[in-house]
Amino acid sequence: MAELPITELPLAHCSGRFTISTLLGTEEGGHGPYAPTEGSGCDSAQPTHLSGSTLCTRTFGYNTVDVVPAYEHYANSKGVGDTRKGRPSLADLHSILKPDSGHLCAPASDPQRSNGLTEAGPEEASVEPGTDPVPEPVRFGWVKGVMIRCMLNIWGVILYLRLPWITAQAGIALTWLIILMSVTVTTITGLSISAISTNGKVKSGGTYFLISRSLGPELGGSIGLIFAFANAVAVAMHTVGFAETVRDLLQEHNSLIVDPTNDIRIIGVVTVTVLLGISLAGMEWEAKAQILFFLVILVSFINYLVGTVIPATAEKQAKGFFSYQADIFAQNFVPNWRGPEGSFFSLFSIFFPSATGILAGANISGDLKDPAVAIPKGTLMAIFWTTVSYLVLSATIGACVVRDASGSLNDSVALGSPGCEGPACTFGWNFTACAQRQSCQYGLSNYYQSMSMVSGFGPLITAGIFGATLSSALACLVSAPKVFQCLCRDQLYPLIGFFGKGYGRNSEPIRGYMLTYVIAVGFILIAELNAIAPIISNFFLCSYALINFSCFHASITNSPGWRPSFRYYSKWAALFGAAISVVIMFLLTWWAALIAFGIVIFLLGYVLYKKPDVNWGSSMQASSYNMALNYSVGLSEVDEHIKNYRQVCLVLTGPPNFRPALVDFVGTFTKNLSLMLCGNVLIVSHLQK
């Protein structure tokens with residue numbers, strides 16, 4: 001066979017890529033339609049470049065005019081010392097083909113771009129030449145920004161004043177069960193939050209941002225508004241708890257300002273005003289105050305644990321404290337129900353609000369260095385350490401203090417005295433008389449300040465109570481405006497856009513702070529903690545249920561936008577968390593649960609009616625597509641029957657607006673029950689192909 005001559009084609013320079021030239025048109029000196037031109041090439045900064053007649057590609061020799069996927073857009077990894085690259089938005093990918101030029105160009109990598117928020121933060125604003133650069137905003141890591149904040153919001157008055165009493169009522173065993181049941185709900189919700197935070201770029205807006213970008217604006221908007229309001233009212237609840245403690249101290253020393261009720265109002269308004277000043281000073285000062293409260297609480301814990309091993313004095317023994325004793329532990333291990341609240345679910349409803357602070361870190365997602373790492377790690381670690389503290393406190397105080405004690409030094413008796421009942425008899429104390437009359441003033445079942453009595457130095461426990469209440473109030477005071485600001489910027493509801501404006505390098509929602517302050521003062525004037533707490537607990541549980549349900553819904557609909565990288569997430573665990581949250585809502589306060597669901601349904605209906613112009617790629621859209629696809633495929637398995645017959649009409653109308661009478665005629669018998677397809681025939685000559 002004759003050997004064909006091989007023409008060497010000039011190859012354009014291409015850094016690390018293939019340059020492909022076809023043999024079409026090479027007969028004319030290699031200047032065919034696909035021959036490379038002089039000076040053409042592929043710059044390494046542009047993954048795919050089409051200039052003139054040169055095509056550069058990274059597809060190992062396959063010639064294509066399509067844009068080749070850029071690896072750096074989809075790599076879920078980072079080198080040592082590198083920052084994690086964010087995924088590109090649809091606008092980034094569509095901008096590859098610019099309309100004003102006839103060639104392809106690569107998008108600029110912008111790891112800070114948000115997938116859903118169109119408004120850039122202050123850190124993304126351009127700096128005018130000749131002016132000073134904008135200072136970097138304050139960002140927090142997982143310890144300072146999430147773990148400490150969540151732990152402070154979880155710890156509260158119930159830890160100091162109610163957990164010992166719950167231990168006396170339910171016993172150590174059932175108290176641990178109550179704690180573990182509560183932690184199960186919060187842990188499942190924490191796993192769902194972790195999954196959402198690793199599903200894409202997370203910016204300001206906290207819980208509202210996470211839910212709305214996953215489940216859609218309908219449920220996201222309603223739960224965002226409710227969650228912001230619940231946090232604002234929670235500021236009042238924690239402040240009233242602090243004011244009640246101060247009022248009790250003043251009452252002990254006969255130093256009331258006006259009267260018991262008005263003193264709570266005066267102290268509460270002054271306290272929330274000081275907290276507002278700390279919040280307006282900026283996130284950096286607020287974080288410093290939180291660390292101070294955290295240290296105070298840790299010192300109070302250490303003070304309590306040290307007090308449990310110090311030998312009890314006669315005064316403490318008269319109040320029921322005998323240090324660690326096996327007999328006391330055995331008696332307090334089993335339940336001893338008393339009073340109208342002496343039931344398992346009643347005590348569960350009292351304890352559960354102390355576990356509702358797990359979203360404190362997620363609510364400031366815009367102020368975190370890396371929310372995808374900080375939120376999962378910080379939230380789950382906060383749940384773990386607070387759970388350990390609850391379990392340790394319940395077991396230790398249940399092994400040291402008897403249920404009933406008179407507090408009188410005259411009740412000491414000789415060992416083995418007749419008529420003495422209870423474990424205190426083995427230590428020379430007879431509290432039988434007051435226990436039978438139920439008139440004892442001390443002991444776990446009667447004295448709420450048992451931790452202060454057991455501790456080595458009582459005032460430190462009081463300082464811990466102050467730190468727990470004020471830190472929780474401060475965390476809620478910061479969370480509510482942050483969530484509400486993001487909701488206002490999305491403009492899902494009317495008349496709230498005014499509060500979306502941010503100030504300073506951190507885009508602080510000062511207007512939102514003032515609105516939260518007004519709401520908190522209004523509820524502080526009620527001056528009744530038991531009237532404020534039930535509704536707040538149900539609103540928080542409602543948000544937990546929606547978070548878990550949104551994750552489950554996104555999983556079962558196989559939404560393309562649902563790709564969490566958090567490995568410990570399970571859709572069935574999320575479904576269980578949503579169901580148990582709803583059940584607990586009704587177990588706590590059924591009427592408050594009905595109010596919460598009624599508000600959610602009203603806000604949901606409003607958004608469905610208004611149909612806001614937003615497209616966040618929610619799981620609701622994926623669900624609609626999957627349902628339509630499944631039903632369409634299922635029709636192929638349905639046998640025809642006269643009862644189910646539906647005519648399918650192909651109407652050759654051309655463009656339908658050209659023959660409206662024909663469309664209306666066919667519509668009279670297809671109505672909304674059958675399918676009408678409008679067709680248009682295009683006749684193209686062979687030369688035009």
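**Helix packing, long-range contacts and surface features of a predicted model**

At 3% relative accessibility, A374 counts as buried, where buried means under 20% relative accessible area, exposed over 50%, and partly exposed in between (1.4 Å probe, protein chains only). The structure is a predicted model, in which local features need pLDDT of at least 70, side-chain atom pairs count only at pLDDT 80 or more, and totals for chains, interfaces and linings use all residues. Residues are numbered from 1 along each chain as its sequence is written, and side-chain values use heavy atoms, with hydrogens and water left out.

A374 is placed in helix α13; helices (H or I, at least four residues) and strands (E, at least two) are DSSP runs, numbered from the N terminus. In space, the C-alpha atoms of A374 and W142 are 4.1 Å apart, although their positions lie 232 residues apart in sequence. A second contact of this kind involves N506, in the loop between α16 and α17. N506 is 139 residues from D367 in sequence, and the two are 7.6 Å apart from C-alpha to C-alpha. The relative accessible area of N506 is 13%, so N506 is buried. A further contact involves A622, a residue of helix α21 (residues 619–634). The C-alpha atom of A622 is separated by 6.1 Å from that of T557, a residue 65 positions away along the chain. A622 has a relative accessible area of 11% and is therefore buried.

Two helix pairs were examined for packing. Axes are lines fitted to C-alpha atoms, for helices over the stretch in contact, and angles run from 0 to 180 degrees between N-to-C directions. Helix α8 (residues 260–280) packs against helix α16 (residues 458–490) at an angle of about 55°, the axes being 10 Å apart. This angle makes α8 oblique to α16, since angles under 35 degrees count as roughly parallel, over 145 as roughly antiparallel, 65 to 115 as roughly perpendicular and the rest as oblique. The crossing of α8 past α16 is right-handed. A crossing is left-handed if the near helix is turned anticlockwise from the far one by less than a right angle, and right-handed if clockwise. In the other pair, the axes of helix α5 (residues 163–197) and helix α19 (residues 571–588) come within 9 Å and cross at roughly 135°. Helix α5 is thus oblique to α19, and α5 passes α19 in a left-handed crossing.

Salt bridges were assigned where a side-chain nitrogen of Lys or Arg lies within 4 Å of a carboxyl oxygen of Asp or Glu. The count by this rule is two. One joins the side chains of R338 and D404, with an N to O distance of 2.6 Å. This pair links distant parts of the chain, 66 residues apart: R338 is in the loop between α11 and α12 (344–351), and D404 is in the loop between α13 (371–398) and α14. R338 is partly exposed, with a relative accessible area of 23%, whereas D404 is buried at 14%. In the bridge between E508 and K482, the closest N and O atoms are 3.6 Å apart. Here too distant parts of the chain are linked: E508 belongs to the loop between α16 and α17 (510–524) and K482 to helix α16, 26 residues apart. Both E508 and K482 are buried.

Most residues other than glycine have a negative phi. S323 has a positive phi of about 65° although it is not a glycine. S323 is located in the loop between α10 (314–318) and α11 (326–333) and is buried, with a relative accessible area of 14%. Q438, also a residue other than glycine, has a positive phi near 55°. Q438 is found in the loop between α14 (432–437) and α15 (450–454) and, at a relative accessible area of 66%, is exposed.

On the surface, V648, L650, L652, L675, L677, V681 and I683 make a nonpolar patch of about 770 Å². Two or more residues of the patch come from each of β6 (648–652) and β7 (675–679), and the largest share, three residues, is that of β6. Patches are made of residues with over 30% relative accessible area and no salt bridge, with like charges joined within 9 Å and nonpolar side chains (Val, Leu, Ile, Met, Phe, Trp, Tyr) within 5 Å. Accessible areas come from the Shrake-Rupley method with a 1.4 Å probe; for residues, only the protein chains shown count as cover. I683 lies in the segment after β7 and is exposed, with a relative accessible area of 81%.
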